[in-house]
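Me: I've got a new model to look through and I'm still learning the ropes. Can you take me through it with some questions and answers?

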Amino acid sequence: MDTESHTFNQLELTKQIYRSYLDSLYEVDYYHAAIVGVASYSQYYDFVIALGTALSGGTGIIGILSESQPMAYVCGAVTLASIVLTAAKQAFDWPSKINFASERMQEHAVLAARYKIIVDRIQATHALTKQTVQAHHELLDEQASLPVAKFKPLPLKKRRELQAAIQQREAPQTWWKPDATATMPGF
């Protein structure tokens, strides 16, 4: 499409830039929540695996030294649980999921910081410039090239909490908006 012969509605462009900034902030918070989620249940699995490993030797010793077998059965059950959890940990590959989320969080944090510069320029000048729009389009291209999440969507309640926190932190309802009829030439 030949943009030279078209005009753009400044309000719509400004809203798109603001939305892109807020989306990048959401992605940072999303990946942070994913890391916290994986790390929180992973630590319990790691504990049971370590406990099972330690008790596996105890099972044989207690079985040999004890006249009563119940403690050997408890140690055996914990050892079995650690074997199952070790297999689950390998199958779910939590370390690579945490690494993936950390990398995406970092990439989106960089995008958010760059979008923040654009938003701050708009707020300071109360204007939308050709350079601002070009910077926005470059960031959109970068954002589109990022890998997509490997995680299940967060529960709706958690997504709403993240969105509400961003709204409170950034207060986008106070941001400057151009007149609804203002246009700028295409480029």
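Me: How do the residues lining the largest pocket divide into nonpolar, polar and charged?
Reply: First, this is a predicted model, where local features need pLDDT of at least 70 and side-chain atom pairs 80 or more, while totals for chains, interfaces and linings use all residues. Residues are numbered from 1 along each chain, and side-chain values use heavy atoms, leaving out hydrogens and water. A pocket is an open set of points on a 1 Å grid over the protein atoms alone, where a 1.4 Å probe fits with protein on both sides within 12 Å along at least five of seven lines, and lining residues have an atom within 4 Å of a point. Counting Ala, Val, Leu, Ile, Met, Phe, Trp, Tyr, Cys and Pro as nonpolar, Asp, Glu, Lys and Arg as charged and the others, Gly among them, as polar, the split is twelve nonpolar, one polar and three charged.

Me: Which residues of that lining lie nearest the centre of the largest pocket?
Reply: There are 16 residues in the lining to pick from. The ones nearest the centre are Ala-34, Val-38, Tyr-41, Phe-151 and Lys-152.

Me: And which helix gives the most to the lining of the largest pocket?
Reply: Helices here are DSSP runs (H or I, at least four residues), numbered from the N terminus, and strands are E runs of at least two. Both α1 (10-65) and α3 (94-125) supply at least two lining residues. The top contributor, with seven residues, is α1.

Me: Where does the largest share of the lining of the second largest pocket come from?
Reply: Its lining includes Arg-19, Leu-22 and Tyr-26, along with Gln-163 and Ile-166. By class, that lining has three nonpolar, two polar and three charged residues. α1 and α5 (156-170) each bring at least two, but the largest share, five residues, comes from α1.

Me: Is His-136 buried or exposed?
Reply: Look in helix α4 (residues 130-144), where His-136 sits. Its contacts (heavy atoms within 4.5 Å), leaving aside neighbours within four places in sequence, are Gln-16, Ile-17, Ser-20, Tyr-115 and Ile-118. Buried means under 20% relative accessible area, exposed over 50%, and partly exposed in between, with a 1.4 Å probe and protein chains only. His-136 has a relative accessible area of 0%, so it's buried.

Me: What is the relative accessible area of Ser-20, one of those contacts?
Reply: Ser-20 belongs to helix α1. Not counting residues up to four places away in sequence, Ser-20 touches Tyr-115, His-136, Leu-140 and Gln-143. Ser-20 is buried too, with a value of 8%.

Me: Which exposed residues sit on the face of α4 turned away from its buried side?
Reply: Start with the buried ones in α4: Thr-132, Val-133, His-136, Leu-139 and Gln-143. They cover an arc (of the directions from the helix axis to the C-beta atoms) of only 120 degrees around the axis, which puts them on the same side of α4. Turned away from that side are Gln-131 and Asp-141.

Me: What's the phi of His-126 near?
Reply: Find His-126 in the loop between α3 and α4. At 46% relative accessibility, His-126 counts as partly exposed. Most residues other than glycine have a negative phi. For His-126, though, phi is positive, near 50 degrees.

Me: In which loop is Ala-171 placed?
Reply: Ala-171 also has a positive phi, near 50 degrees, in a residue other than glycine. To find it, look in the loop between α5 and β2 (183-185).
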